[in-house]
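Work through the exercises below with the structure open beside you. Try each task before you read its solution.

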Amino acid sequence: MRLKRVAKPFDNPDYIFELKHDGFRAIAYIENGECKLVSRNLNQFKFVLLSQSLAKLPVKSAILDGEVVCLDGKGVSQFNRLLGRRQVPVFYAFDLLWLNGEDLRRLPLIERKERLEKLVKKSKCRELLYAHHIEKDGVALFEAICAKDLEGIVAKRKNGIYRNDGKEWMKIKNPHYSQAEGRQNLLRGRG
């Protein structure tokens with residue numbers, strides 16, 4: 001699911017709203033005691049300790065969509081720590097696409113998230129976190145994250161299926177987010 005950027009937050013009872021974490025978007029493919037973390041561009045991330053932790057989830061197979069992040073003591077994502085690999089990251093899971101041979105992509109998002117939350121709780125994996133959401137009140141959430149200098153929010157149609165046309169999920173970024181300053185130069189320098 002690609003994210004379409006929109007300029008302003010909105011309220012809508014057909015949507016859920018989540019915090020947009022500042023990290024690397026990844027799909028976690030877990031099967032037979034192994035985990036691969038794959039980027040949007042189909043590159044495999046080399047977060048060995050995180051992959052090893054996710055591989056131990058109590059599943060035969062699973063596919064999770066989420067964000068690889070490094071968190072500070074307050075639980076705020078710190079992109080430079082992730083980029084510099086200065087700490088072991090965690091995986092903030094916000095969707096469950098496959099579980100033990102069952103394709104879940106055609107289920108409504110809200111049902112997939114319910115199953116995901118149960119899996120995260122059952123796993124007791126410290127490196128796997130569940131991305132909580134609120135319903136309908138996107139404007140209030142956006143104002144709260146801007147006041148805390150967080151990256152932004154993501155709006156998702158709560159009954160939407162998982163598809164890759166960029167129409168179901170939208171990101172609204174905090175225009176004053178301090179960690180974004182100088183980001184383009186930093187990323188360009190990494191080649």
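Two strands count as paired if DSSP finds at least two bridges between them. Keep in mind that this model is predicted.

**Exercise 1. Place strand 10 in its sheet.**
Task: Which residue in strand 10 is the bridge partner of Glu18, and how many bridges join strand 2 to strand 10?

Solution:
- Step 1. Find strand 2 at residues 11-20. Glu18 has Val154 of strand 10 as its bridge partner.
- Step 2. Count the bridges between strand 2 and strand 10. There are 6, and the two strands run antiparallel.
- Step 3. Turn to strand 11, residues 169-173. Strand 10 pairs with strand 11 over 5 bridges, also in the antiparallel sense. Lys156 has Trp169 of strand 11 as its bridge partner.
- Step 4. Check the cover. Strand 10 spans residues 152-157, and 5 of its 6 residues are buried.

**Exercise 2. Check the length of helix 3.**
Task: What distance should helix 3 span at 1.5 Å a residue?

Solution:
- Step 1. Helix 3 covers residues 109-123, which is 15 residues.
- Step 2. The expected span is 1.5 Å times one less than the number of residues. For helix 3 this gives 21 Å.
- Step 3. Compare with the model. The end C-alpha atoms of helix 3 are 21 Å apart, so the two values agree.
- Step 4. List the buried residues of helix 3. They are Leu109, Ile110, Arg112, Lys113, Leu116, Leu119, Val120 and Ser123.
- Step 5. Recall the helix rule. An α-helix has 3.6 residues a turn, so residues three or four places apart point the same way.
- Step 6. Look just past the end. Lys124 follows helix 3 and has a positive phi, near 55°.

**Exercise 3. Find what helix 1 packs against.**
Task: Which strands do the buried residues of helix 1 pack against?

Solution:
- Step 1. Pick out the buried residues of helix 1: Leu50, Ser51, Ser53, Leu54 and Ala55.
- Step 2. Follow their packing. These residues pack against strand 3 (24-31), strand 4, strand 5 (61-69), strand 6 (90-99) and strand 8 (128-130).

**Exercise 4. Classify two residues with positive phi.**
Task: Is Leu42 buried or exposed? Where does Lys136 sit?

Solution:
- Step 1. Leu42 has a phi near 65°, a positive value in a residue other than glycine. Leu42 lies in the loop between strand 4 (34-38) and helix 1 (48-55).
- Step 2. Apply the cut-off: exposed means over 50% relative accessible area. Leu42 is at 70%, so it counts as exposed.
- Step 3. Lys136 is not a glycine either, and its phi is positive at about 60°. Lys136 sits in strand 9, residues 134-137.
- Step 4. The relative accessibility of Lys136 is 44%, so Lys136 counts as partly exposed.

**Exercise 5. Judge the whole fold.**
Task: How many helices and strands does the protein have, and what is its radius of gyration?

Solution:
- Step 1. Count the elements: 5 helices and 11 strands.
- Step 2. The radius of gyration is 16 Å. The globule rule gives 16 Å for 191 residues, so the protein is as compact as a globular protein of that length.
- Step 3. Add the burial. Buried residues make up 48% of the 191 residues.
- Step 4. Check the confidence. The mean pLDDT is 91, and 94% of residues reach 70 or more. Residues 186-191 have a pLDDT below 50. Where pLDDT is low, the predicted coordinates should not be read in detail.

Note on methods
Residues are numbered from 1 along each chain as its sequence is written. This is a predicted model: local features need pLDDT of at least 70, side-chain atom pairs count only at pLDDT 80 or more; totals for chains, interfaces and linings use all residues. Side-chain values use heavy atoms; hydrogens and water are left out. pLDDT is the predictor's confidence in each residue, from 0 to 100. Contact means heavy atoms within 4.5 Å. Helices (H or I, at least four residues) and strands (E, at least two) are DSSP runs, numbered from the N terminus. Buried means under 20% relative accessible area, exposed over 50%, partly exposed in between (1.4 Å probe, protein chains only). The radius of gyration is taken over C-alpha atoms; the globule rule is 2.2 Å times the number of residues to the power 0.38.
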